[in-house]
Amino acid sequence: MPTFEEIATFVTEKPFATAVIALLGLAGLVLAFLLLRIAWRAGAFLWRRYVASRPVEDVLTIVAASIATGVSAQGMWRFSGDVLGLDGPLRLLLFAFIEVAIITSAVRARRNMRENFSAGIDGIAVWTLTCLTAVLSSMDARSLPEAVFRLAAPLVAAWLWERGMAIERHRIRGTGRINWRLTPERLLVRVGLAEVSDRTASEVDAHRRLTRVALAAKKAKALREGGAPERKVRAALAKLDKAMDQAVEHTGLAVDQSRQEALLAQIAALYNTSALIDADPRVPWEPHADHHPVPARPELPPALAELVEDEDEDVEVLDTTPQVVDTAQRAALMRAARAYWDRQIAKGIVARTVDIAQEIGISLATARQYRSLWKLEPEAHALIEALYQQHGIVDTGAFPAIAADGRVLTKS
């Protein structure tokens, strides 16, 4: 590097050359500034257009996939020179043809995803060409670790592309592509290490203990009614007594009303399993042979209109005060109400709330609660639909069902 004295001597001896050099240097600085400014604006435009609008994970996916593709291209560079014998410009033009084909297929697959909601054949081509370039790159490796590395790099790029496509697919369609039947969560639920609901450990334990009591009661009843030997009956009763002791001790069955009702509901369901044989499999919208709905809604007869306008609260009920009964009495009243409901449905009658309350002797609130559940069953729903289609009456809990000949089937 010249010293300051040498530079001063050069300027003194050759002023013209010094001026030319200074002008060229100034022009170079201006040109460099302009180039940096253009590059900065281009970078800012590309950042706003392609980077800022994308999530961070998409940007990182593109960067990582580009690096992995570069590693794969470097392997193809060596393969084209060592195996194919290409050199010079021909090697430069032909070494990365598979990587270019992979990028082209990936772009086409993304376009298909946006237009047809599926990557199509181009998505398969991305994986096929990726496996091809991975194998070709690893064939020219000099050691086993290098071969494994060259196999892994293209597959990493393809995996990152696939995950990016999955995110975009979910963003466009709102759902995943498939729901796997075998997942870690389902395996943990299968072996009993996890629950499918958000119940606490105490709730799960209480449910299992109540279920043991119900199953033990069903088995003891079946043995006793089937005329089993006394020894088996005593063993079943002992098992039932043990399960009941554990339920009372660990679940608070003696004081928890909700768990008492849950236990009675399980026992009722287990004791009436044979009733499923006589269940009516008809769907609510299945037409009946003698059913001919009329599209119009004619005027109702005066007697029927009066019945429809009646409100539940206007009818005298046996007991309008809230009832305070124990669990056994509540279960007995519920079974009686259910038996009455089933008898009326078998006759083609949709019992009103007041009918249930008067027949069983329960409050209107309790009867309304029972009826709101039972009227959704197929037979009751079909009768309600028939009344609506033929007479335009909406179920309010106070209307009677009508037969095809116009007779009022239920009337207090």
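In the predicted model, helix H13 meets helix H14 through Leu333, Ala336, Ala337, Tyr340, Trp341 and Arg343 on the H13 side and Asp355, Ile356, Glu359 and Ile360 on the H14 side. Two packed helices are described by the angle between their axes and by the distance separating those axes. For H13 and H14, the angle is about 125 degrees and the axes lie 10 Å apart. The pair is therefore classed as oblique, since an angle of this kind falls outside the ranges for roughly parallel, roughly antiparallel and roughly perpendicular packing. The crossing in which H13 passes H14 is right-handed.

Helix H13 also packs against helix H15, here at an angle of about 50 degrees and with the axes 11 Å apart. H13 and H15 are therefore likewise oblique to each other, and their crossing is right-handed. On H13, the contact is made by Arg330, Met334, Ala337, Arg338 and Trp341, while H15 contributes Tyr370, Arg371 and Trp374. Ala337 and Trp341 are thus among the H13 residues that meet H14 and are also among those that meet H15.

Both residues recur in the description of the largest nonpolar core, which has 17 residues. Ala337, Trp341, Ile356, Ile360 and Ile362 are the members with the most contacts inside this core. At least two of its residues are supplied by each of the helices H13 (327–346), H14 (353–360), H15 (364–374) and H16 (378–391). The surroundings of Trp341 extend over several segments: leaving aside residues up to four places away in sequence, Trp341 touches Val350, Ala351, Ile356, Arg371, Trp374, Lys375, Glu377 and Ala380. Apart from the largest core lies another, of 12 residues, with Phe79, Ala109, Trp161 and Met165 among its members.

At the level of the whole chain, the protein contains 16 helices and 0 strands. Of its 412 residues, 28% are buried. Among contacts between residues at least 6 apart in sequence, 63% join residues at least 24 apart.

One pairing of residues distant in sequence involves Ala65, which is located in helix H3 (residues 56–82). Ala65 has a relative accessibility of 16% and so counts as buried, the limit being under 20%. Ala65 and Ala157 are 92 residues apart along the chain, yet their C-alpha atoms are separated by 4.3 Å. Beyond residues up to four places away in sequence, Ala65 touches Ala157 and Leu160.

Phe10, in helix H1 (residues 4–13), has a relative accessible area of 34% and is therefore partly exposed. When residues up to four places away in sequence are excluded, Phe10 touches Ala17, Thr18 and Ile21.

Confidence varies along the chain. The mean pLDDT is 77, and 79% of the residues reach 70 or more. Helix H10 (residues 230–251) has the highest confidence, at 90, whereas helix H12 (residues 302–309) has the lowest, at a mean of 46. In residues 291–298 the pLDDT is below 50, and this stretch has 12 contacts in the model beyond near neighbours in sequence. The pLDDT is also below 50 over residues 406–412, a stretch with 20 contacts in the model beyond near neighbours in sequence.

Conventions:
Residues numbered from 1 in each chain as written. Predicted model: local features only at pLDDT ≥ 70, side-chain atom pairs only at ≥ 80, totals over all residues. Heavy atoms only, no water. Core = buried A, V, L, I, M, F, W, Y, C linked by side-chain atoms within 4.5 Å. Buried < 20%, exposed > 50% of the residue type's maximum accessible area, 1.4 Å probe, protein only. Helix = DSSP H or I, 4+ residues; strand = E, 2+ residues; numbered from the N terminus. Contact = heavy atoms within 4.5 Å. pLDDT = per-residue confidence, 0-100. Axes fitted to C-alpha atoms, helices over the stretch in contact; angles between N-to-C directions. Parallel < 35°, antiparallel > 145°, perpendicular 65-115°, else oblique. Left-handed = near helix turned anticlockwise from the far one by under 90°.
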